[in-house]
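Please look over the following model with its helices in mind. A short walk through selected parts comes after it.

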Amino acid sequence: MLTKHNHTLGLRQDLLAGLIGYFTTVYIVAVNSQILKTAGLPLEQGMVATILASAAGCLIMALYANAPMVLIPGMGVNALFAYSIVEGSGIPFQEGLAVVLVAGLIFLLTAFTRLGDWLKTAIPDSLKHAVTVGLGMFLTLIGLEKGGLVVRGEHSLITLGNPSSALVITSLLTLFIAVFLFAKNVPGNFLITMIIGTLIAHFTGLLDAPGPSLSLADQEWIMMPSFSGITEFSFWMAVFPLTIVLIFENMGLIHGQLSMLKQDDKFKKAYQASAFSALASGFFGTSPTVSSAESAAVIASGGKSGRASLTMAVLFLATLLLIPWISMVPSTAISPILIIVGALMVQNIKEIPLDNLSEAMPAFLIIVMIPFTYSIADGMAFGFIAYPIVKFAIGKQRELTTPVVCIAMIFLLEFIMRSLGH
């Protein structure tokens, strides 16, 4: 009788945790589709892709790893895909999906071999954390631009937007509400921010009318990536940074979340599940999924098993019916979320040994060059190339590893070939 009671209690906790996990992450449907729109994917199609990838990721995590974790298109990873790989390189969207597919395959290879552990120890922590900080700075810049808070200046690269415009006023009001809700740790704060931000946009005249009901029959449920550019060096230079970010982001997030759950034995299967999910994202038409930081909310709410993830998978599929309303969410309701997520990622700077010049200088170059070049790949390149140079300059070449030197050479070769191409 006691066992049956415990089972029922555990089921209720998992269902509740799954519900909370869904409400803390469903914002990704609006946010990710807005970013994919930059890469050329229609908004509604981006929403369908985001929903299907999230549902599939949660389902894989539930059935394969039996872990209470949520997999959704990663913030930062989506910016890398849209702004650096597709828009920055000028390649078609379907070819960008091929990049996702190849990066997912390499990610999967590291999940089933010792290659992942080897890379984890070979790449300096300072560079890993610098990439996260740089991604955070980049997301913040995108958020500020979407909200009209900064614009391209006539006499400078960036200047303040018009503070008297309805766009800026709406963005600022929404940002203040978002910061307040986040500081108060209100459950589902990002979702509430989007709802309130949409209402504010309605009263300031910035809200479009609801879209037509979604015709599920007209949607492309599976997208075929194009491998037409796979023989080009630029294709592999797009695969390269995406793979690095996928591997290290998932390693860190999954390890931290399972430590909260005190189920470190599930790390291998959870890491493999995240790799399968990232690979599947290329067929659904979105940037790769990652283990979301909001998984911590699922675990803190009492989630113990894959039933929580299964609950989230079902709820994400049900979100398909809400697409006409989600499509109404304006950029002013999205920008505060990008800014706050960026601020959270920037906190990783405290993990960088800033008193060690040979670690701090390359890390600094990554952090500043990602937003300044508007390219995550180029920003990473500056830091990775600088790392062995600085180490040699101060006589610490023995601290270099073969993978770091190889990565630096590849990035340098890409810069040389790009300059010769011009």
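Helices here are DSSP runs of H or I with at least four residues, numbered from the N terminus. Just after H16, tyrosine 374 has a positive phi of about 55 degrees. The model is predicted: local features need pLDDT of at least 70, side-chain atom pairs count only at pLDDT 80 or more, and totals for chains, interfaces and linings use all residues. Residues are numbered from 1 along each chain as its sequence is written, and side-chain values use heavy atoms, with hydrogens and water left out.

H16 itself covers residues 357-373, 17 in number, and spans 23 Å from first to last C-alpha, close to the expected 24 Å (1.5 Å times one less than the number of residues). Among its buried residues are Ile366, Ile367, Val368, Met369 and Ile370; buried means under 20% relative accessible area, exposed over 50%, and partly exposed in between, with a 1.4 Å probe and protein chains only. The buried residues of H16 pack against helix H7 (125-146) and helix H17 (376-393), where contact means heavy atoms within 4.5 Å.

Helix H1 (residues 2-25) includes threonine 25. Threonine 25 counts as buried because its relative accessible area is 0%. Leaving aside residues up to four places away in sequence, threonine 25 touches Val70, Ile72, Ser292, Glu294 and Phe316.

Helix H18 (residues 402-421) holds leucine 420. Leucine 420 has 69% relative accessibility and therefore counts as exposed.

How values were computed: Helix = DSSP H or I, 4+ residues; strand = E, 2+ residues; numbered from the N terminus.
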